[in-house]
Amino acid sequence: MKLQILSIYLICIILSSIVLVESSNKHHFKENDEVPFYVNNVGPYSNPTETYEFYTLPFCKPSSISYKKTKLGEILQGDSAVLSDYQFPFKGSFENKQLCEYTLKKEDIKKFKKAIGEYYYAEMIYDDLPIFSFVGTVDDSDPKNIRYYLYNHIPFEFDYNGDQVIRVNIDTEHIKVIELSDQDEITLKLTYSAKWQPTEHEFSKRMDLYEEFFTKELEIHWLSVMNSFFLVVLLTAFLAIMIMKILKNDYSRYSKNDEEEDSDYQEDYGWKLVHGDVFRFPPYKNVFSAFYGIGWQFISIVCGILALSLFGMFYPNNGGNMYTAGIVLYALTSGISGYQSAKMYKNMGGNKWAWNIVLTATVFVAPLFIVVILSNTVAITWHSTVALPILTMIEVITIWLFVGFPLTVVGGIAGRRLSENFDAPCRTKNFPREIPPIQWYRRLPCQILIAGFLPFSAIYIELFYIFNSVWGHSTYTLYGILCLVFLILINVTVCITVALTYFQLSMEDHRWWWNSFINGGSTVVFIYMYSIYYYYYISHMYGLLQATFYFTYMLIVCFFFFILLGTVGFYSSLIFVKRIYRNLKSD
């Protein structure tokens, strides 16, 4: 019965997500049909999060501002598309069509020069296809006489297949410019052209044209991942053989001491001596149970996102569908966190059920809300489009209040009622055993370094591509590789956490519950250190707005994966500890 309920629940989750992130309807046009042309955001190329409305720069505006209807995901990623006066009828080619002619004042010229000097990058949209272009170019060959050039003629190229638009591009070789000097005013005439040409590329695969991975880079990418994969296989085999051999020797030694009743007394040592304390529940049961429950929810979310990505639901410039899917999956999987948390809390003998449910529902949401408020305040101060409107924040909070939180409560009630007693192979003694002195290199800080470095070394190559996609202008579509890397990360986390748990118990230290969780999630320490290195030495990001978004949201991402990987580490250690003590003959 439980399995059937769980299966129906998972099916509802997947179907709901697919409905919400499905691609838009096919677009068909007749010759000379008018297709809306939108101008979206503009901002420094080095700061992908620092975006502003297109008409914050002194371009000629339409007579009336009409915003494009946006989805939740588009708002979350900061889109603010406005219908422009550009007119591109389907299959209609023309040359040097005038957009407008107007006079730039001195202040307007300064704005354009500042934008060109910071390499402002504009995004436009035609038939849901993105078009990217710089505002202008700068000639800094002579540092004493830097010259600024504004693009005043943009030639567009359109590819079509039958009655559908396949690709839109800008012919950079035929762009015309006008120099912006120190004059008080200048007459600016903006023109554009359109050239249509047929192609055999399919409409369903038109987003593939925006991928930036060349064949050689893809081969290097696969080679790096396969290298990490084989290293992980060898590491897993080595640890498994080593632990099995050591355990075999331990069992032989313990069995020999039990059978030699007439021999001289020999005191046992190692993990057998803590059999009366190894299943003693950790302190802060409520917090531990909440982390454990949310960890299972996060595992479900990541698996759902990866599954949807493999089915082709996320493609370049798809209107923030991944943001929408993440919010929906978080709300719909809240029942998993409530169930697992309440189940663990009952096994530990907890009785503060209301606090357990509230903590499970808010232990991640509360820090996320603080980060959103902080970054949103900075974005509003900068008048950036990444500032979330109050209605969007209310919409997201409403989804959590009326879907996520109730499901957490329902899951908590189900977990409390359906959970069984904790299956401990050994009886826990009334008084805890004294823990012997432990060398400094075997304590938790050194364990964190070891447990975090090995999983990070298996994924750091992929992190570079992910960071370039999230915090840059690259496009990431290799979701098959991403799934493989995630499996590698889980595998290495399991192996290293189990090994460190065994060595801790061998030192007669029974405090492995929190240690296994922290060791499992310690990879995020290295991920955050890498993010600092990436910001200062790889990317060219700068400014308070970009730094605030980057470091605060990276902190939340690391907190997310700390809980996820910590749950993986603890659960694998729990299975391992139960297994070795179940086969142990103890007094």
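Here are short questions and answers about a predicted model of a protein.

Colleague: How many helices and strands are there in the protein?
Modeller: Both kinds of element occur here. The protein has 587 residues, and buried residues make up 50% of them. The count is 15 helices and 13 strands.

Colleague: Among contacts between residues at least 6 apart in sequence, what percentage join residues at least 24 apart?
Modeller: A contact means heavy atoms within 4.5 Å. Take the contacts between residues at least 6 apart in sequence, then keep those joining residues at least 24 apart. That share is 80%.

Colleague: What share of the exposed area do carbon and sulfur atoms supply?
Modeller: Start with the total. The protein exposes about 30,300 Å². Carbon and sulfur atoms supply 60%.

Colleague: Which cysteines form a disulfide?
Modeller: A disulfide is a covalent bond between the sulfur atoms of two cysteines. A search of the whole structure finds one. Its sulfur atoms are 1.9 Å apart, inside the 2.5 Å cut-off. The pair is C60 and C100.

Colleague: How many residues apart are C60 and C100, and where do they lie?
Modeller: The pair links distant parts of the chain. C60 lies in the loop between β3 (52–53) and α2 (72–76), while C100 lies in strand β6 (residues 94–104). They are 40 residues apart.

Colleague: Is the link of C60 and C100 left-handed or right-handed?
Modeller: Look at the angle about the S-S bond. It is -80 degrees. The link is left-handed.

Colleague: Is C60 buried or exposed?
Modeller: Buried means under 20% relative accessible area. C60 has 17%, so it falls under that cut-off. Its partner C100, at 13%, is buried too. C60 is buried.

Colleague: How far apart are the end C-alpha atoms of helix α12?
Modeller: Helix α12 covers residues 479–506, which is 28 residues. At 1.5 Å a residue, the helix should span 40 Å. The model agrees with that, as the ends are 41 Å apart.

Colleague: Why is α12 described as largely enclosed by the rest of the structure?
Modeller: Count its buried residues. α12 has 28 residues, and most of the count is buried, so the helix is largely enclosed. The number buried is 21.

Colleague: Which residues have the most contacts inside the largest nonpolar core?
Modeller: This core has 86 residues. Its largest share, 18 residues, comes from helix α15 (residues 544–582). A second, separate core has 57 residues, including L129 and F549. In the largest core, the residues with the most contacts are F298, Y550, L564, F570 and Y581.

Colleague: Which residues does S531 touch, not counting those up to four places away in sequence?
Modeller: S531 sits in helix α14 (residues 523–538). Its relative accessible area is 0%, so S531 is buried. Leaving out residues up to four places away, S531 touches F467, Y550 and M554.

Colleague: Which residues form the uncovered face of strand β9?
Modeller: In a regular strand the side chains alternate between the two faces of the sheet. Strand β9 (residues 136–139) has G136 and V138 on its covered face. The uncovered face has T137 and D139.

Colleague: Which residue in β10 stands opposite V138?
Modeller: β9 pairs with strand β10 (residues 147–161) over four bridges. The sense is antiparallel. Opposite V138 stands Y148.

Conventions. Residues numbered from 1 in each chain as written. Predicted model: local features only at pLDDT ≥ 70, side-chain atom pairs only at ≥ 80, totals over all residues. Heavy atoms only, no water. Helix = DSSP H or I, 4+ residues; strand = E, 2+ residues; numbered from the N terminus. Buried < 20%, exposed > 50% of the residue type's maximum accessible area, 1.4 Å probe, protein only. Expected span 1.5 Å × (residues − 1). Areas by Shrake-Rupley, 256 points an atom, 1.4 Å probe, with all protein chains shown as cover. Core = buried A, V, L, I, M, F, W, Y, C linked by side-chain atoms within 4.5 Å. Pairing = 2+ DSSP bridges.
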